[in-house]
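Biologist: I'd like a close look at a single part of this protein, and I'd like to hear how that part sits in the rest of the chain. Here is what I'm looking at.

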Amino acid sequence: MIKPLLQDDALLADIESAKSDRPNFRLWWLGQSGFLVQFNGRHALVDPYLSDSLTAKYEQSDKPHVRMTERVIAPERLGFVDVVSSSHNHTDHFDPDTLKPLLVAKPALPLILPEANRGAGAFRIGLSLKAANLIGVRAGDVKSAGGFTFNGIPAAHNELEVDAEGNHKFLGYIFQFGPWRVYHAGDTKHFEGMEDWIRPFRVDVALLPINGDTPERKVAGNLDGREAAQLAKAIGARLAIPMHYDLFTFNTASPEEFVAECGRLGQRCRVLQAGERWSSAELVS
């Protein structure tokens, strides 16, 4: 099994020591699509999956979720987080076994999620639909919480799906904090007009899935490495970081195709290990 670069106490020590690195921001890849973003002493937790709930759920099924990388950290140790976001309600992006311990540690923790999933999300983690810290987002919305601003961007996993009220079930988010813009794509394939949603934000960092779309996996697909690199280039991202791989053996991909395509396009990229820190100082060095 892959061991994270930093894990548990070592990760927490790194997060604490990085706070002095201003005016830059930092992020840590927590595995799959999960990231911790730090800026000016504030922390946003994005699509965290920090449990073994899916491995247990699918152990006796035809798609066992065999873990490839050890868990980076237990969620209850992240009580300092100021806001957590979920791009959609698939468990590796909205995991009750991750979110409930976070809410025990900080009951008023703001939770950003698609408006289309707010009812189901509230039920799964035991919150009232009227809970003030449950913040629904629609495509085109701008919501702020915990020192971060979230812009809702449609995502196609595999299609652009909406509920009865026309709210998108899958979203990406553009995080704004200080002068910085980070695009977290959630789970998505390319769709017509996608670049037009994102390009005006002049994204500094794009966090993009690379595991591709393989029907025999029996799960919805995403961009592959080549498509992710092309999207990063098309939206003018200063840096692209791949995600959504190396967690489950049946649904992963090598970042090699992504790196090669970025090289061909002249798109700057960075591949992280689980538990590794990246700093925006790299963008100005």
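Leaving aside its neighbours within four places in sequence, which residues is S85 in contact with?

Modeller: Bear in mind that this is a predicted model. Once the neighbours within four places in sequence are left aside, S85 is in contact with L45, V46, D47, P48, I112, F150, Y173 and F175. S85 itself belongs to strand 4, which covers residues 83–85. With a relative accessible area of 1%, S85 is under the 20% cut-off, so it counts as buried.

Now for the sheet around it. Strand 4 is part of an open sheet of 7 strands in the order 6-5-4-3-2-1-13, and the pairing in that sheet is mixed. Strand 6 (134–137) and strand 13 (277–279) stand at the edges with a single partner strand each, so one side of each has no neighbour in the sheet. On average, neighbouring strands here are turned by 20 degrees against each other, direction ignored. Going along that order, strand 1 (residues 26–31) and strand 2 (residues 34–39) are joined by 5 bridges and pair in the antiparallel sense. One pair you can pick out is W29 with its bridge partner F35 in strand 2. Helix 1, residues 9–18, packs on this sheet and touches strand 1, strand 2, strand 3 (42–46) and strand 13. The direction of helix 1 makes about 165 degrees with that of strand 1.

Some of the contacts of S85 take you elsewhere, among them F150, Y173 and F175. To place those, look at the other sheet. This one is an open sheet of 6 strands in the order 7-8-9-10-11-12, again with mixed pairing. Its edge strands are strand 7 and strand 12 (239–243), and each of them pairs on one side only. From one strand to the next, the twist averages 20 degrees.

Start at the strand 7 edge. Strand 7 (residues 142–145) and strand 8 (residues 148–154) run antiparallel, with 4 bridges between them. A145 has F148 of strand 8 as its bridge partner. The two strands form a hairpin with 2 residues between them, and G146 in the turn has a positive phi of about 65 degrees. On we go to strand 9 (residues 171–177), which pairs with strand 8 in the antiparallel sense over 6 bridges. There, Y173 in strand 9 stands opposite G152, and Y173 is one of the residues that S85 is in contact with. Helix 6 packs on this sheet too, touching strand 10, strand 11 and strand 12, and its direction makes about 155 degrees with that of strand 11.

It's worth setting H184 beside S85. H184 is found in strand 10, which covers residues 180–184. At 0% relative accessibility, H184 counts as buried. The side chain of H184 reaches the backbone oxygen of S33 at 2.8 Å. Leaving aside neighbours within four places in sequence, H184 is in contact with S33, F35, V46, D47, G172, Y173, F175, L207 and M243. Check that against the list for S85, and you'll find V46, D47, Y173 and F175 there as well.

One more spot on the way is G221, in the loop between strand 11 (205–209) and helix 6 (225–235). G221 has 1% relative accessibility and counts as buried. G221 and H157 are 64 residues apart along the chain, but their C-alpha atoms are separated by 6.3 Å. With neighbours within four places left out, the contacts of G221 are H157, N158, K189, G212 and D213.

Finally, step back to the whole chain. There are 8 helices and 13 strands, and buried residues make up 57% of the 285 residues. Of the contacts with a separation of 6 or more, 66% come from residues 24 or more positions apart. A compact globule of 285 residues would have a radius of gyration near 19 Å, and the chain has 17 Å, which agrees. Along its principal axes the C-alpha trace spans about 50 × 45 × 40 Å. The accessible surface comes to about 11400 Å², and 51% of that belongs to carbon and sulfur atoms.

Note on methods
Residues numbered from 1 in each chain as written. Predicted model: local features only at pLDDT ≥ 70, side-chain atom pairs only at ≥ 80, totals over all residues. Heavy atoms only, no water. Pairing = 2+ DSSP bridges. Buried < 20%, exposed > 50% of the residue type's maximum accessible area, 1.4 Å probe, protein only. Contact = heavy atoms within 4.5 Å. Axes fitted to C-alpha atoms, helices over the stretch in contact; angles between N-to-C directions. Polar contact = N/O pair within 3.5 Å; in protein donor to acceptor, adjacent residues only side chain to side chain. Rg over C-alpha atoms; globule rule 2.2 N^0.38 Å. Areas by Shrake-Rupley, 256 points an atom, 1.4 Å probe, with all protein chains shown as cover.
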